[in-house]
Amino acid sequence: MFAEDCSMFAEILRSLVRIRQVGLFEIIILICCFPFPHAIKAQFAAKEKNKKTMSGEDETAASEAAAEEMARSITYITGSQLLPLIRRPNIAIIDVRDDERSYDGHIAGSLHYASDTFMDKLPNLVEATKGKDTLVFHCALSQVRGPKCARRFAEYVADAKDLGVKDIVVLERGFNGWESSGRPVCRCNNIPCKGGESKP
Ligand SMILES: [Zn+2]
């Protein structure tokens, strides 16, 4: 959990550096104010679980375990595995970055469902990915937002049983890894991206 917080922190810092100059002073302030939400949540959950186990509510613990199991079942795909697949009609790439998409480019043909409004737009995403059997989620690094949104989507489709089984995967190392390995990046402003204007 601490590692998750650290990567979240690193992502925030990265975004800040990208937007403007961030000095040492700002970084110190950020470190002091960073709430470590995952670590706190994990601590809280552990306490709650203890309480529940002691009062004999094993059923809740079992469903928590099932949710954890589903979260673990999300698998990763590497950029080199994904590259030959991106033009296939049965695959959808879902970019859950926030503002970065508009100035960093994107994978050609990818859909944009920003992480900050992801839950509200879940039904639209389900509609947009009808007929696709593989969904590839990514953010900048695919460490926090990408896997989180993939899990939320998995939970959502698991609840609505008539949506058909989808293969839900996360792009390893995210968009930044994709780009730094020299894979094609589209810089069009089309919404949605038509997937045409890629360049190496
Ligand atoms: Zn594009």
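## Exercises on a predicted zinc-binding model

Among contacts between residues at least 6 apart in sequence, 65% join residues at least 24 apart, where a contact means heavy atoms within 4.5 Å. The structure is a predicted model, in which local features need pLDDT of at least 70 and side-chain atom pairs count only at pLDDT 80 or more, while totals for chains, interfaces and linings use all residues. Residues are numbered from 1 along each chain as its sequence is written, and side-chain values use heavy atoms, with hydrogens and water left out.

**Exercise 1. State how many helices and strands the protein has, and what share of its residues is buried.**

Step 1. The protein has 9 helices and 7 strands; both are DSSP runs numbered from the N terminus, with helices (H or I) of at least four residues and strands (E) of at least two.

Step 2. Of the 200 residues, 36% are buried, a class that requires under 20% relative accessible area, whereas exposed requires over 50% and partly exposed lies in between (1.4 Å probe, protein chains only).

Step 3. The exposed surface of the protein is about 11,900 Å², of which carbon and sulfur atoms supply 57%; accessible areas come from the Shrake-Rupley method with a 1.4 Å probe, and for residues only the protein chains shown count as cover.

**Exercise 2. Identify the protein donors of the zinc ion and classify the geometry of the site.**

Step 1. The donors are His 106 through NE2 and Cys 186, Cys 188 and Cys 193 through SG, at 2.1 to 2.3 Å from the zinc ion. Donors are N, O and S atoms within 2.8 Å of the metal (3.2 Å for Na, K and Ca), and because water is not among the atoms, sites may look incomplete.

Step 2. The angles among the 4 donor atoms span 103 to 115°, and the site is tetrahedral. Four donors earn that label if all angles lie between 85 and 135 degrees; four count as square planar and six as octahedral if opposite donors are over 155 degrees apart and all others between 65 and 115, and anything else is irregular. For comparison, the ideal angle for four tetrahedral donors is 109.5 degrees.

Step 3. Along the chain the donors follow the spacing H-x79-C-x1-C-x4-C, and both Cys 188 and Cys 193 are buried.

Step 4. A cis peptide bond, with omega about -5°, joins Ile 191 and Pro 192; Pro 192 lies in the loop between β6 (185–186) and β7 (198–199).

**Exercise 3. Describe the place and surroundings of Ser 110.**

Step 1. Ser 110 sits in the loop between α6 (100–104) and β3 (111–112).

Step 2. Ser 110 counts as buried because its relative accessibility is 1%.

Step 3. The Ser 110 side chain reaches the backbone oxygen of Ile 107 at 2.7 Å. This is a polar contact, that is, a pair of N or O atoms within 3.5 Å; within protein, one must be able to donate a hydrogen and the other to accept it, and residues adjacent in sequence count only if both atoms are side-chain atoms.

Step 4. Leaving aside neighbours within four places in sequence, Ser 110 is in contact with Ile 93, Asp 95, Arg 101 and Cys 193, and this last residue is also a zinc donor.

**Exercise 4. Work out the strand order of the open sheet of 5 strands, and then place His 138 in the model.**

Step 1. The order is β1-β5-β4-β2-β3, with parallel pairing. The edge strands, each pairing on one side only, are β1 (75–77) and β3; two strands pair if DSSP finds at least two bridges between them.

Step 2. β1 is joined to β5 by 3 bridges, with Ile 77 opposite Leu 171 in β5. β4 is joined to β5 by 4 bridges, with Thr 134 partnered by Asp 167. β2 (residues 91–95) pairs with β4 over 5 bridges, and Asp 95 stands opposite His 138 in β4.

Step 3. In β5, 4 of the 5 residues are buried. His 138 lies in strand β4 and is buried because its relative accessible area is 0%.

Step 4. Beyond its neighbours within four places in sequence, His 138 is in contact with residues including Ile 93, Asp 95, Ile 107, Leu 171 and Phe 175.
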